[in-house]
Amino acid sequence: MKIAVIGLGKAGLPLAAVIADGGFEVIGVDVDTARCKDINNGINPIPEESGLDELIRIHGGERLFATPDYDDARGCDAYVVIVPLFLDKNVNPDFSILERAFRSVGKILKKGDIVVLETTVPPMTTATLAKRWLEDASELSIDSGEFYLAHSPERIMTGVSISRLKEFPKIIGGVNRDSGIRAFNLYKGFIPHLHLVSSSGVAEFIKVIEGCYRDVNIALANELLKIADELGIDFYESRAYANHDYCDIHLPSTGVGGHCIPVYPWFLIKAMEEREKFDRSNLLRTSRTLNDQMIYYWAEKILLACMKLNKPLSDVKICINGITFRDGVKELYHSRNLALTRLLMEKGLNVGVYDELFTREEIENMGLKSCEVEEADLVFNTFSLELTTKEVT
Ligand SMILES: NC(=O)c1ccc[n+]([C@@H]2O[C@H](COP(=O)([O-])OP(=O)(O)OC[C@H]3O[C@@H](n4cnc5c(N)ncnc54)[C@H](O)[C@@H]3O)[C@@H](O)[C@H]2O)c1
């Protein structure tokens, strides 16, 4: 079995490395030529990914060959697609990258091959759009059994992807029965904990609703924090005793960022809107709004803390400590910590940023002011949500 992995990003590369480590020959296709070169030289482009250095050093350029050219993957028996899916400015899914990747795979597809989509997508994407793109480009037909198509959502977390792939149960479902069984048998070769579900739609829905669950529950935690604050009650003490087997109140935050959790609820909200079923996704929409609006709550808290200092407001040095969307991950996509920083800047406040993952230069290149935590009159630690002020004389 020769397997192609299309997209060698934060999700695709660990998967490609694990497949290669399982003894398969892997062709990794990525449009980023420099990234391919690094991988083939044994250099890991995602150093924060635990255990990946070693796998890339051993397999890069050998059992895992990276290339920007889809033609190099011709002759593979299986294609795993894991390229990004972004939202457009109206928060509708933008399928353009996915379509390009599928049409490119379609051109090199041969009879008997199997294609598995791993990118998280709106339910039914695999059985409709992906099927159509592949059939158009290959002139082969799934319904006639000429090739097979399935969905297996990536469930990794950057930083611990290798162990997640080895330990966390993975789901797989086909667009038809044969596709499901073939995909299951293929993946069993490198994924130890694998469940075959009844369809690709179920597999897609499982991943999307995980994200929705997290978003709604974080929104609940954020709302309860604000209520506790109004009532003068310690939220964290209350949460510690409220949580038990049947209650899992999440941690509050500055909002929800990254490519996953804030994106997936929109897949369902928009799918219901398209059908004019506006009453079906109220909770998802409210949770999205609530989480996105948390920056206003924190901006107000910071402003009130500044006003207690014995200094003109515009002179108070504010330090935002941590601007990434998640602690320890150098990623800013939909980062609410970054959005909070910009909001405070727009208000004319004297705001600097400290983030151990970024150099001073990187911070300044984003149009932000770099600062040291010790220099500030007020520090907001975005992950612990601690606000500390120093006495200003
Ligand atoms: N990163 C995570 O923690 C995570 C977790 C769960 C699921 N996912 C899923 O994985 C998908 C990809 O995420 P990621 O974090 O790997 O993104 P990423 O931006 O790190 O990587 C995407 C890669 O795809 C490449 N690419 C873009 N267009 C291409 C094309 N036409 N052909 C070949 N390669 C192409 C890019 O050059 C890039 O290297 C997400 O959309 C999400 O559904 C990611």
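These exercises, with worked solutions, deal with a predicted model.

**Exercise 1. Place Tyr213 and classify its exposure.**

Step 1. Find the element. Tyr213 belongs to helix α8, which covers residues 200-231.

Step 2. Take the relative accessible area. For Tyr213 the value is 43%.

Step 3. Apply the cut-offs. Buried means under 20% and exposed means over 50%, with partly exposed in between. Tyr213 is therefore partly exposed.

Step 4. Look for partners beyond the local sequence. With neighbours within four places in sequence left aside, Tyr213 contacts Asp248 and His250.

Step 5. Check one C-alpha separation. Pro265 is 52 residues from Tyr213 along the chain, and their C-alpha atoms are 9.0 Å apart.

**Exercise 2. Describe the second largest pocket and its lining.**

Step 1. Start with volume. The second largest pocket holds about 280 Å³ of space.

Step 2. Go to the centre. The lining has 14 residues, and those closest to the centre are Pro122, Pro123, Ala271, Glu274 and Arg275.

Step 3. Assign elements. Helices α5 (126-138) and α10 (264-274) each contribute at least two lining residues. The largest contribution is from α10, with five residues.

Step 4. Sort by class. Nine lining residues are nonpolar, two are polar and three are charged.

Step 5. Assign domains. Domain 1 (2-197) and domain 2 (207-287) each supply at least three residues to this lining.

**Exercise 3. Set the two UniProt domain features against the secondary structure.**

Step 1. Take the N-terminal feature. An unreviewed UniProt entry puts "domain: UDP-glucose/GDP-mannose dehydrogenase N-terminal" at residues 1-179.

Step 2. Read its content. Residues 1-179 are 35% helix and 20% strand, with end C-alpha atoms 16 Å apart.

Step 3. Take the other feature. The unreviewed UniProt entry gives "domain: UDP-glucose/GDP-mannose dehydrogenase dimerisation" at residues 202-292.

Step 4. Read its content. Residues 202-292 are 66% helix and 0% strand, and the end C-alpha atoms lie 28 Å apart.

**Exercise 4. Which loops hold Glu276 and His334, and how exposed is each residue?**

Step 1. Check the backbone of Glu276. Its phi is positive, about 60°, though Glu276 is not a glycine.

Step 2. Place Glu276. The residue sits in the loop between α10 and α11 (282-292).

Step 3. Classify Glu276. Its relative accessible area is 62%, so Glu276 is exposed.

Step 4. Turn to His334. This non-glycine residue has a positive phi of about 50°. His334 is in the loop between β11 (317-321) and α13 (336-346).

Step 5. Classify His334. Its relative accessibility is 29%, so His334 is partly exposed.

How values were computed:
Residues are numbered from 1 along each chain as its sequence is written. This is a predicted model: local features need pLDDT of at least 70, side-chain atom pairs count only at pLDDT 80 or more; totals for chains, interfaces and linings use all residues. Side-chain values use heavy atoms; hydrogens and water are left out. Helices (H or I, at least four residues) and strands (E, at least two) are DSSP runs, numbered from the N terminus. Buried means under 20% relative accessible area, exposed over 50%, partly exposed in between (1.4 Å probe, protein chains only). Contact means heavy atoms within 4.5 Å. On a 1 Å grid over the protein atoms alone, a cavity is a set of points where a 1.4 Å probe fits but cannot get out, and a pocket is an open set with protein on both sides within 12 Å along at least five of seven lines; lining residues have an atom within 4 Å of a point. Grid points are joined across faces, edges and corners, and a volume is the space filled by probe spheres set on the points. Ala, Val, Leu, Ile, Met, Phe, Trp, Tyr, Cys and Pro count as nonpolar, Asp, Glu, Lys and Arg as charged, and the others, Gly among them, as polar. Domain bounds come from an automatic or database domain assignment. UniProt positions are given in the numbering used here, feature names are shortened, and annotations may be inferred rather than shown by experiment.
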